[in-house]
Amino acid sequence: MMMMRHLPVRHVTIALVGALALGGAAVARNPQFQGADPHATFIDGELWVFPTGGPGGSWAADRFGAFSSRDLKAWRSRGEVLRIDTIKWIKDDGAREHFLWAPGVATRDGKWFLYYSVGPQNPTPSRIGVAVADRPQGPYTDIGRPLVTGGNGFEAIDPMAFIDPKSGKAYLYAGGSAGAKLRVWELNRDMTSIAREVPVDNPPQFTEGAFMHERNGTYYLSYSHGRFNGPDYSVHYATAPSPTGPWRYRGAILTSDRRHKGPGHHSFVVTPKGETLIVYHRWENPAGPAPFKGERQVAIDRVRYAADGTIRPVVMTDGDKAPTLP
Ligand code: FUB
């Protein structure tokens, strides 16, 4: 898929100072703010979200920002974490224009790692980059070369790094869209180089946006299915006894309802109180049929596991029905 047609291309800088209240009145709400592909993580009891785009429509595809909240009522901009013009290798593919999207973060040994997709996908292959920082808000420094390059039908997009709590090994999950192919690599301890590729099966209904989490010894691979701007876009999952499979398909977790369409590209987080949340994007009551127009919105909802460890379908909420912290 040729990416970014749907992303804001304005190059406006908003106030990037800390403690910027993004949403006005401090009330719990869904959707939370404009953005897509949210990678969420808790840092010192605060939920941080690293999305494609961002609140207010002023986050262009040439940079990433981070946003955090202590209560899921008021959000604070953590500023720009990476700009496209700091990625020195980006023009090596000879393409005229480039875009950034779908960031994922990880931390290890006191460092923070930001993984991201670099387009276009056609005619040159998409690539995945990684940048390193000493703190979550960066600034992140790109390592100077792509970590993964697409080709032969594989789209190098939607990176997600996962450190297996059991083995301590780190894995990179990536791939999707038209090729709809999942690939997994084991990363070296430095998190910025590849040790080896681990051959994995494509899970049923896989399109893109892979996310891995572990709970009670079970590994949950969840991912988006369908076309990103249509009503069939949804989140499905499979479970496995290891971070690399074999996958057992378990069904859909998030699907369109009457008002919210095409929910996808999500992450799971566990709150300091032990509640699991899913952070994802959706189209808010879109006008007209697919392909939907406008911008995707970040939303947060509760995840419930059944006694056997399966995930119950997520109910998408609005306004003050959304979860809050602590
Ligand atoms: O935001 C761009 C693309 O849309 C991502 O790569 C996909 O996961 C979908 O969310």
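Let me begin with the ligand, which in this predicted model is surrounded by eleven residues, the closest of them being Asp37, Trp101, Asp158, His265 and Arg296. If we sort that shell by class, we find four nonpolar, three polar and four charged residues around the ligand.

Three of the closest residues deserve a slower look, since each places a polar side-chain atom beside a ligand oxygen. For Trp101, a polar atom of the side chain lies 2.7 Å from an oxygen atom of the ligand, and for His265 the distance between a side-chain N or O atom and a ligand oxygen is likewise given as 2.7 Å. With Arg296, an N or O atom in the side chain is 2.9 Å from an oxygen atom of the ligand. As for exposure, the ligand taken alone would expose 280 Å², and the protein buries 100% of that.

Let me now turn to one of the sheets. Here we have an open sheet of four strands, in the order 15-16-17-18, with antiparallel pairing. Its edges are formed by strand 15, covering 208–215, and strand 18, covering 248–254, each of which pairs on one side only. On average, and ignoring direction, neighbouring strands of this sheet are turned by 25° against each other.

Within the sheet, I would point you to strand 16, residues 218–225, and strand 17, residues 234–240, which run antiparallel and are joined by seven bridges. If you want a place to find this pair on the screen, look for His225, which stands opposite Ser234 in strand 17.

Notes. Residues numbered from 1 in each chain as written. Predicted model: local features only at pLDDT ≥ 70, side-chain atom pairs only at ≥ 80, totals over all residues. Heavy atoms only, no water. Pairing = 2+ DSSP bridges. Helix = DSSP H or I, 4+ residues; strand = E, 2+ residues; numbered from the N terminus. Axes fitted to C-alpha atoms, helices over the stretch in contact; angles between N-to-C directions. Near = heavy atom within 4 Å. Polar contact = N/O pair within 3.5 Å; in protein donor to acceptor, adjacent residues only side chain to side chain. Areas by Shrake-Rupley, 256 points an atom, 1.4 Å probe, with all protein chains shown as cover. Nonpolar A, V, L, I, M, F, W, Y, C, P; charged D, E, K, R; others polar.
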